Amino acid sequence: MVALCPDSDLLYLTAWLVYSRENLREAFDFIITGLNVTIVTSIVAYAIAICAWADHRDGTYLSKPGT
Amino acid sequence: LNNIATFYVEFIRGVPMLVLIFFIALVGVPTVIEWLNALGFTALSTKDVPNEVRAVIALSVTYGAFLAEIFRAGIQSITRGQMEAARSLGMSYGQAMRYVILPQAIRNVLPALGNDFVAMVKDSSLVSLLAVGDITYKTKLYSGTSFRFREGYTILALFYLLMTVILSRFMSMIERRMSNE
């Protein structure tokens, strides 16, 4: 991505990052308070969803031998 | 049971994720609570179920359908002869599944499971619309109150990028370890 960007854009981006570093830190400090909710929600939901492995819909593979 | 499972999988896969989250959280959960109350199992009010719990239910019900398909494909990728061989050795159906089929099937489906987990972490941003205080919701609050949208959403994107990169690396590590066994 860096190689594709014109130098002026990179310069602008760098300048913006330096200029707004305090605001970025403030945003980081505020947003990180929701990180635990995101992580817990994702892990718990996935753990529950993974229990759905028992979907033996067509039963072709799992039919008893000889039937 | 097959028909119920088929309906569940097809319904979930055919409806957009955002609609499903609203539907499950705002229609499904209250309906189930009403049924449970009517049957006398509980005496809950709809307000007793917090939005975080509704979000977890919505995400797990939605992704359960996708994971069911992944597991089905994984189990069916193991040839039928494996089951027949296990049964001919005197194993019960449960033993054959536990000791022969599933260890091979899980190894096959591991990459797909990892991809789905990464997808679900990204889709978890949708639960912010239920006012669940995740990072997307916090970003909306921050940006809305300070009018610093650029900073807020840049940080948010970096958070999600960081989480997905870490998860991808972790899944690659597990895959490598399982392929070496």
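**A tour of the helices in chains A and B**

Begin with helix 5 of chain B and centre the view on B:Val109, where the helix bends by about 50 degrees. Within four residues of that point comes a proline, B:Pro111. Please note that this is a predicted model.

Next, select residues 93-123 of chain B to display the whole of helix 5. The C-alpha atoms at the ends of these 31 residues are only 37 Å apart, whereas a straight helix at 1.5 Å a residue would reach 45 Å.

Remain in chain B and select helix 2 (residues 17-39) together with helix 3 (residues 51-76). Their axes come within 9 Å and cross at roughly 120 degrees. An angle between 115 and 145 degrees counts as oblique, so helix 2 of chain B is oblique to helix 3 of chain B. The crossing of these two helices is right-handed.

Now turn to chain A, which contains three helices and zero strands, in the order α-α-α along the sequence. Colouring chain A by burial addresses its 67 residues, of which 27% count as buried. A surface representation of chain A covers an accessible area of about 4,500 Å²; carbon and sulfur atoms account for 70% of that area.

Finally, show both chains and select helix 2 of chain A (residues 21-31) with helix 6 of chain B (residues 135-146). The axes of this pair lie 9 Å apart, and the helices pack at an angle of about 135 degrees. Helix 2 of chain A is therefore oblique to helix 6 of chain B. Their crossing is right-handed.

Technical notes. Residues are numbered from 1 along each chain as its sequence is written. Chains are lettered from A and ligands numbered from 1 in the order in which they are written. This is a predicted model: local features need pLDDT of at least 70, side-chain atom pairs count only at pLDDT 80 or more; totals for chains, interfaces and linings use all residues. Side-chain values use heavy atoms; hydrogens and water are left out. The expected span of a helix is 1.5 Å times one less than its number of residues. The bend at a residue is the angle between axes fitted to the seven residues ending there and the seven starting there. Buried means under 20% relative accessible area, exposed over 50%, partly exposed in between (1.4 Å probe, protein chains only). Accessible areas come from the Shrake-Rupley method with a 1.4 Å probe; for residues, only the protein chains shown count as cover. Axes are lines fitted to C-alpha atoms, for helices over the stretch in contact, and angles run from 0 to 180 degrees between N-to-C directions. Angles under 35 degrees count as roughly parallel, over 145 as roughly antiparallel, 65 to 115 as roughly perpendicular and the rest as oblique. A crossing is left-handed if the near helix is turned anticlockwise from the far one by less than a right angle, and right-handed if clockwise.
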